[in-house]
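This report describes the fold, the side-chain contacts and the open space of a single protein chain. The sequence and the model are shown first.

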Amino acid sequence: MKFHALLMAMLSATTALAEQADSAKPIEIEANRMSADDARRMNVFEGNVVVTRGTLNIRADRIVVRQDKEGNQYATATGNPVRFRQRQDPKPPEKEGVWLEGEAKRIELDDKSGKIELFEAARVNRGGDEVTGDYILVDQKSDFFTVTPGKGQGRVRATIQPKPPEK
């Protein structure tokens, strides 16, 4: 198992919505500590972790990247909070891609399913549209997402910006 392959997987879940140019950019990672366990197919980055690839930026206290026997990769980022930001490719009639930003205390990326899950104090902002809740699921394969409130909160919150009429 190669360290580079695991990092690529960690980023692949977020790059499905990203600028296509990001996939050709190098991955840069900074952390206070890093450990690799090839027997368990796992890499751990700890302490002020910063991952950069093109327009993608992830900031976390800790990121654990795992790979199963079939080569599917999974990443769990934790922090207070974990934050990510990335520009998306433009969707017609847009001329420029919007920024996708999010944060939560824990974010899980699943390369196999194409899903991103945000847990605890979760927030996702896409071009000014914002949702908040205790749990947010983003399914990038179907462009579907769901938001649920935390226990005792009973509500989710969404802000949707007016869109210009299609021409």
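How many helices and strands make up the secondary structure of the chain? The secondary structure comprises one helix and 10 strands, where helices (H or I, at least four residues) and strands (E, at least two) are DSSP runs numbered from the N terminus. From the N terminus on, the order of elements is α-β-β-β-β-β-β-β-β-β-β. The model is predicted: local features need pLDDT of at least 70 and side-chain atom pairs count only at pLDDT 80 or more, while totals for chains, interfaces and linings use all residues. Residues are numbered from 1 along each chain as its sequence is written, and side-chain values use heavy atoms, with hydrogens and water left out.

**Burial and the nonpolar core**

Of the 167 residues of the chain, 39% count as buried; buried means under 20% relative accessible area, exposed over 50%, and partly exposed in between (1.4 Å probe, protein chains only). In soluble globular proteins, nonpolar side chains tend to be buried together. The largest nonpolar core in this model has 25 residues, a core being a set of buried Ala, Val, Leu, Ile, Met, Phe, Trp, Tyr and Cys residues joined through side-chain atoms within 4.5 Å. The residues with the most contacts inside this core are I58, I63, I107, L118 and I136. Two or more residues each come from β3, β4 (56-67), β5, β6, β7 and β8, and β4 gives the most, with five residues.

**Aromatic and cationic contacts**

A pair of aromatic rings is described by the distance of the centres and the angle of the planes. Rings of Phe, Tyr and Trp (its six-membered ring) pair if their centres lie within 6.5 Å; planes under 30 degrees apart count as stacked, over 60 as edge-to-face and the rest as tilted. A search of the whole structure finds one such pair. F119 and Y135 form this tilted pair, at 5.2 Å centre to centre and with 55° between the planes. F119 lies in strand β7 (residues 115-126) and Y135 in strand β8 (residues 129-139), so the contact ties together parts that are 16 residues apart in sequence. F119 is buried at 18% relative accessibility, and Y135 is buried at 19%.

The ring of F119 also has the charged end of R106 over it, 3.8 Å from the ring centre. A charge sits over a ring if NZ of Lys or CZ of Arg is within 6 Å of the ring centre and within 35 degrees of the ring normal. The charged end of R85 likewise sits over the ring of W99, 3.8 Å from its centre.

**Salt bridges**

The count comes to nine salt bridges, each a side-chain nitrogen of Lys or Arg within 4 Å of a carboxyl oxygen of Asp or Glu. The table lists some of them, with the distance between N and O atoms.

| Acidic residue | Basic residue | N to O distance |
|---|---|---|
| E46 | R33 | 3.8 Å |
| E101 | R85 | 2.6 Å |
| E108 | R106 | 2.9 Å |

E46 in strand β3 (residues 42-53) and R33 in strand β2 (residues 33-37) are 13 residues apart. The residues E101 in strand β6 (residues 99-110) and R85 in strand β5 (residues 73-87) are 16 residues apart. R85 is partly exposed at 35%, as is R106 at 26%. In addition, R83, E103, R123 and E130 are linked in a network of salt bridges.

**Backbone features**

The peptide bond from N80 to P81 is cis, with omega near 0°, and P81 is placed in strand β5. Two residues that are not glycines have a positive phi: R41, at about 55°, and E120, at about 65°. R41 lies in the loop between β2 and β3, whereas E120 is found in strand β7. E120 is partly exposed, with a relative accessible area of 40%.

**The largest pocket**

About 830 Å³ of space lies in the largest pocket. On a 1 Å grid over the protein atoms alone, a pocket is an open set of points where a 1.4 Å probe fits, with protein on both sides within 12 Å along at least five of seven lines; lining residues have an atom within 4 Å of a point. Grid points are joined across faces, edges and corners, and the volume is the space filled by probe spheres set on the points. Of the 32 lining residues, the closest to the pocket centre are E94, V98, R126, D129 and K163. The largest share of the lining, five residues, comes from β8.
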